[in-house]
Amino acid sequence: MSLPETRSNAMLVALVLICISSCGCADTTWREYGHDSTQFSRQANESVLNASTVSTLHVIWDFSVPGGGALTASPSVYDNTVYVGSLNGHFYAIYASGVNQGQIRWQYPPTVAPNPPDACGTTTAALLVAVGSGNPSGPGIASSAAIANSVAGHTAVIFGAPDPSSNGGDGRLWALDEATGQCIWKSAVIAPTTGTSKIGYSSPAIAHGRAYVGVSAKRPDAPITVGKVFAIDLSNGTLDPAFSFSAVGGLAPGGGIWSSPAITPSGNVVVTTGNSCIHEGGPNCNVIPSPDYTNSILKLDWHNGNVLWQVQPVAIQHDFDPDFAASPIAGQVSCGSLAISVQKDGYVHAVDIKTGGPFSNPACSYAGHSLECPRWSFPPVANLPFQDDGHGDSDFKRQGALDGDHLFIAGGGLDLEPPPGHTEQAVFNRLHSLNVCASDADRVRWILPNLAQNAGGVSVANGVIYLGTWSPFDTSTLPHHLLAIADTDILPPASFICSYPALPTGFLCSSAGFKNVGVPVIVKDVTLTGSIQGIPAISNGRVYVATAGGHLYALGK
Amino acid sequence: MTIILCNSIWKRVFLLAGVISFFGVGCKEKELEPTPPEPARSPAATRPAPQFEPITGVGEAQEAHLATYPLPQLHSRLEIVTIIVQAGKPITPPMKYEGLMELRAGSLATVTENNRQTRHRGDMWQVAKGDRITLQASGELAVVRAIYLLPGEK
């Protein structure tokens with residue numbers, strides 16, 4: 001081998017090594033609700049913000065929605081642009097950085113209707129349900145946007161919203177060109193206004209050339225709807241006729257999809273569902289549906305929507321509204337692949353995703369229900385399903401973030417059942433870090449207790465956890481907080497607390513079988529206007545936060 | 001010349017394939033979604049579901065009688081009842097006996113004359129015979145556990 005040839009070979013090897021080591025590492029986008037379709041809410045490629053630099057976190061720019069309009073969706077970030085829809089029926093693309101940062105790049109619908117008309121029949125009318133929509137999942141856009149490539153030759157922003165030109169707001173998915181806002185297609189109707197459903201908070205999960213999205217009640221829950229998941233072909237917006245999932249069978253409605261589907265490592269779909277109407281009254285509500293997929297975490301076959309397993313922690317006879325409002329997290333950890341979510345009653349459940357199915361376990365099943373057992377629940381549970389009256393709406397509605405085996409989530413905690421005379425307020429204003437692969441005894445890594453407000457959506461990068469505080473259903477301009485918290489692996493804890501927080505730290509805690517765990521350092525506390533209902537998006541040294549008070553903030557060092 | 005060139009290209013191709021396969025080893029062996037054995041759990045004993053009945057004369061509210069505990073030394077008994085209060089349908093159940101109420105699920109406001117109090121899960125409050133207390137669910141549904149003290153052991 002000659003010297004030039006050796007040199008040439010060495011260069012080739014070096015090139016390959018550079019490619020292998022750098023492929024994908026530079027992607028700092030935040031493409032979907034929860035960052036990507038795993039919904040880990042983790043930015044793996046953040047190079048600016050860390051425990052040292054985040055101490056100077058401050059508001060770089062503040063986009064105030066023109067004319068007002070709550071932002072209950074979460075921001076997505078791509079191509080130096082932050083994308084978010086408003087309950088006022090407008091979707092905004094805002095420059096992330098540069099001379100135009102904080103300014104509108106485009107909005108949809110546009111201020112002037114396209115001439116000639118586009119493929120969507122776009123007008124200037126806001127994307128609103130005209131009548132009959134309730135709570136901050138309507139009447140406009142509550143669905144967070146997903147960025148998808150190769151959508152009829154475009155890179156597209158895709159979200160769910162009402163169509164004002166179709167029966168007063170039939171719910172569809174919309175695909176807009178990410179750079180121009182031009183409408184590429186609007187999907188077939190998936191939530192007709194003649195029915196009881198709308199596309200609420202559910203945000204599309206992108207996989208297999210499809211967008212998977214769910215529908216929930218138009219006016220929650222009066223009347224309750226039938227939860228459904230749809231698969232929409234990204235090339236043209238048509239429904240995939242082979243995919244079908246309804247949360248209930250028979251005449252009784254229930255099981256609305258308030259959350260966003262997640263995609264498992266092998267490409268299947270995990271969804272969480274809402275409550276039945278068995279104790280809420282209404283037509284056919286005295287009948288237990290069959291099948292009954294309400295109040296559940298489910299793994300669906302991505303091809304056809306068939307159920308591969310179901311975890312229903314609360315038996316339907318004891319359904320007092322403990323929906324899964326939080327989305328699932330689904331993906332690989334060191335001990336396998338898990339799907340994780342928190343129910344409104346404050347219990348966190350983690351389920352082995354598994355290959356194949358259908359799976360069920362008699363230990364967690366009951367009459368008419370073949371159910372799977374979770375790998376673990378937090379707080380630990382000896383037997384499932386629950387069969388008592390203590391499982392209702394306690395406002396645990398925000399999903400967590402996952403970094404390796406470390407979960408950060410506003411769950412109820414070991415003292416979830418409030419002792420007599422103590423209200424539950426004392427447990428949902430705290431953030432837990434859990435080790436998802438540890439034993440029950442070692443589950444709690446740290447606890448951040450006694451927040452001034454409720455713990456909401458979480459995201460993570462470089463061991464810094466970004467937590468928004470929130471008030472359910474609150475679209476006022478009252479102040480809330482974005483906290484930057486240092487994981488205790490990064491900075492030593494500020495103090496210690498018993499993993500059962502009602503007990504004092506020290507010997508009393510350990511002798512009762514609990515652990516003294518750290519209280520992490522809050523490195524920065526930034527006051528913002530409005531409840532932070534969504535997930536802070538981390539991208540390129542910035543944290544983007546949307547508030548129900550009508551502000552989109554960019555924070556940086 | 002052609003043979004030399006081909007040799008050179010093939011060497012590079014093999015070298016490239018070797019490097020790629022070296023870095024590929026290990027990635028393929030990790031199963032994406034491993035299926036561990038089912039956890040060994042003892043099945044939950046199926047409890048009878050509570051039988052809810054409309055509360056006579058109190059709108060659409062429902063109650064279920066859960067249990068009775070005799071208190072022989074007091075010549076009285078405890079009646080345990082679960083009450084469901086639905087959204088937008090405040091109720092004023094008759095307080096025939098004194099007792100204790102606890103909010104078990106959901107959120108609720110209690111209204112007595114001009115006093116309105118927001119209750120959270122776990123809150124308890126005492127009721128006296130003859131009280132007029134209106135219960136109003138703040139969310140979709142609220143569940144109240146009532147423990148009444150009644151005269152007589154049966």
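This is a short chat about two strands regions and one residue of a predicted model.

Reader: Before we start, what should I know about the numbering and the model?
Author: Residues are numbered from 1 along each chain as its sequence is written, while chains are lettered from A and ligands numbered from 1 in the order in which they are written. The model is predicted, and local features need pLDDT of at least 70, side-chain atom pairs count only at pLDDT 80 or more, and totals for chains, interfaces and linings use all residues.

Reader: Is strand S21 of chain A mostly covered or exposed?
Author: Strand S21 (residues 348–352; a strand is a DSSP run of E, at least two residues, numbered from the N terminus) is mostly covered, with five of its five residues buried, where buried means that 20 or more other C-beta atoms, placed from the backbone, lie within 10 Å of the residue's own. Val348(A), Ala350(A) and Asp352(A) lie on one side, with His349(A) and Val351(A) on the other.

Reader: Which strands does S21(A) pair with?
Author: S20(A), residues 336–342, pairs with S21(A) in the antiparallel sense over five bridges, pairing here requiring that DSSP finds at least two bridges, and three bridges join S21(A) to the antiparallel S22(A), residues 376–378. Leu338(A) stands opposite Asp352(A), and Ala350(A) stands opposite Trp376(A).

Reader: Switching chains, why does Ile147(B) count as partly exposed?
Author: Ile147(B) counts as partly exposed because it has 18 C-beta neighbours inside 10 Å, and the class lies between the buried limit and the exposed one of 12 or fewer.

How values were computed:
Helix = DSSP H or I, 4+ residues; strand = E, 2+ residues; numbered from the N terminus.
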